[in-house]
Amino acid sequence: MAVERDIFGIAGPTYLNPVNWNWENNRRSVAACLVQAVYVLERDRQLNRQSVDSVAPPWWEFFHFEMIRKLVDDADLSIFGAIFEFNPPSSKEASFQDAPRFVIAFRGTITEKETISRDISLDLHLVQNGLHKTSRFTIAMQAVQNVATVFTGSSIWLAGHSLGAGLAILTGRNMVKKGALLDSFLFNPPFVAAPIERISDERVKHGFRIARSFITAGLTIAMKGKTEGNNQRSVAEEPFNILSSWTPYLFVNPGDHICSEYIGYFQHRKNMEDLGAGFIEKLATQNSIGDLFYKALGWESEPLHLLPSADLIVNVGPSPDFKYAHGISQWWQPELNFQCNKYRYS
């Protein structure tokens with residue numbers, strides 16, 4: 001669900017040389033640059049830029065990574081992801097000890113004729129909570145699982161932008177269920193719900209959220225009674241609790257309606273607890289109206305945006321337009337003005 005058409009002819013931000021892997025801003029910037037590398041890889045393919053004409057390699061070589069595999073979609077043969085391995089000049093240096101061994105990065109939508117049809121189709125699957133049923137997800141999941149299996153104990157990062165962030169969420173969630181917690185950098189991750197965050201009146205916004213919480217909780221209780229009889233556990237409680245130990249990094253911009261709802265999603269939990277309605281919100285935060293609707297129809301559904309825990313990083317600096325607010329380039333800027341909140345589900 002991203003549009004990234006600009007190809008930057010620089011080898012990453014020079015202020016990151018050398019990289020301090022303990023500094024979260026540096027980790028964010030490197031992850032964003034490796035996602036950009038995947039965008040540029042695909043544009044190299046589309047424009048037939050090969051060998052010395054390719055402009056993608058500086059995006060990973062600058063940080064001492066090697067690209068060891070391209071992830072190719074089986075429908076349109078586009079490059080949608082890549083596996084990067086860290087290969088510093090001297091791995092014995094203390095500054096490299098906290099670096100990842102591997103980074104698996106996924107791009108978002110590219111609105112060029114070679115990719116737009118397939119990417120938009122995947123965007124629609126995402127909106128319908130069905131991205132997990134696509135072959136692109138299967139390829140991504142197999143790639144992540146293979147790296148984690150072969151290189152047991154190695155530090156592995158996931159990174160993705162927009163549609164690619166959706167893939168990273170799905171693969172990260174599935175790895176949690178297999179007992180692996182992967183550091184995940186999710187840039188402008190899609191939140192499939194009405195964009196209540198864009199309402200300027202705080203009282204109206206809060207009222208909408210309360211109403212949605214009570215409706216969602218009521219539907220959840222009704223479905224639980226229908227499908228589980230006397231079982232008092234929520235239809236989504238067990239997997240939600242399992243995921244609570246995974247804490248991805250979510251990077252959102254208030255000017256981007258595709259991802260901005262995460263701001264209210266997490267803040268609303270605290271507001272409901274303050275109102276004494278924590279039980280209602282506990283049910284609501286584990287479910288969505290759309291997900292419940294699909295399940296009522298008997299459709300398989302896996303909403304990506306229902307996350308128990310996260311570090312939420314919000315870019316509160318000025319955004320001139322939607323293209324910038326939803327773009328990947330903001331996330332490698334050295335002077336980013338952001339707010340960070342840590343949310344832990346219990």
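This passage describes the salt bridges, a helix crossing, a nonpolar surface patch and two unusual backbone angles of the structure shown above.

The model is predicted, so local features are given where pLDDT is at least 70 and side-chain atom pairs where pLDDT is 80 or more, while totals for chains, interfaces and linings use all residues. Residues are numbered from 1 along each chain as its sequence is written, and side-chain values use heavy atoms, with hydrogens and water left out.

Side chains of opposite charge can pair when their charged atoms come close. Across the whole structure, a search finds 12 salt bridges (a side-chain nitrogen of Lys or Arg within 4 Å of a carboxyl oxygen of Asp or Glu). One of them joins Asp-44 to Arg-49, with 2.6 Å between the closest N and O atoms. Here Asp-44 is buried because its relative accessibility is 3%, whereas Arg-49 is partly exposed at 21% (buried means under 20% relative accessible area, exposed over 50%, and partly exposed in between, with a 1.4 Å probe and protein chains only). Another salt bridge brings together Lys-113 and Glu-114, at 3.5 Å from N to O. Lys-113 is exposed, with 72% relative accessibility, and Glu-114 is partly exposed, with 30%.

Asp-311 and Arg-344 also meet through their side chains in a salt bridge, at 2.8 Å from N to O. This pair links distant parts of the chain, 33 residues apart: Asp-311 belongs to strand 7 (residues 310-315), and Arg-344 to the segment after strand 8 (338-343). Helices (H or I, at least four residues) and strands (E, at least two) are DSSP runs, numbered from the N terminus. Asp-311 counts as buried because its relative accessible area is 4%, while Arg-344 is partly exposed at 45%. Elsewhere, salt bridges with shared partners connect Asp-73, Arg-107, Arg-118, Asp-119 and Arg-136 in one network.

Two packed helices are described by the angle between their axes and the distance between the axes. For helix 4 (residues 135-150) and helix 5 (residues 163-177), the axes come within 10 Å and cross at roughly 50 degrees. These axes are lines fitted to C-alpha atoms, for helices over the stretch in contact, with angles running from 0 to 180 degrees between N-to-C directions. Helix 4 and helix 5 are therefore oblique to each other (under 35 degrees counts as roughly parallel, over 145 as roughly antiparallel, 65 to 115 as roughly perpendicular and the rest as oblique). Their crossing is right-handed, meaning that the near helix is turned clockwise from the far one by less than a right angle.

On the surface, Ile-116, Ile-120 and Leu-124 make a nonpolar patch of about 240 Å². Patches consist of residues with over 30% relative accessible area and no salt bridge, with like charges joined within 9 Å and nonpolar side chains (Val, Leu, Ile, Met, Phe, Trp, Tyr) within 5 Å; accessible areas come from the Shrake-Rupley method with a 1.4 Å probe, and for residues only the protein chains shown count as cover. Ile-120 sits in helix 3 (residues 116-127) and is partly exposed, at 36% relative accessibility.

Turning to the backbone, most residues other than glycine have a negative phi. Leu-77, not a glycine, has a positive phi of about 65 degrees. Leu-77 is placed in the loop between strand 1 (65-72) and strand 2 (79-86), and is exposed at 55% relative accessibility. Asn-129, likewise not a glycine, has a positive phi of about 60 degrees. The loop between helix 3 and helix 4 holds Asn-129, which is buried at 4% relative accessibility.
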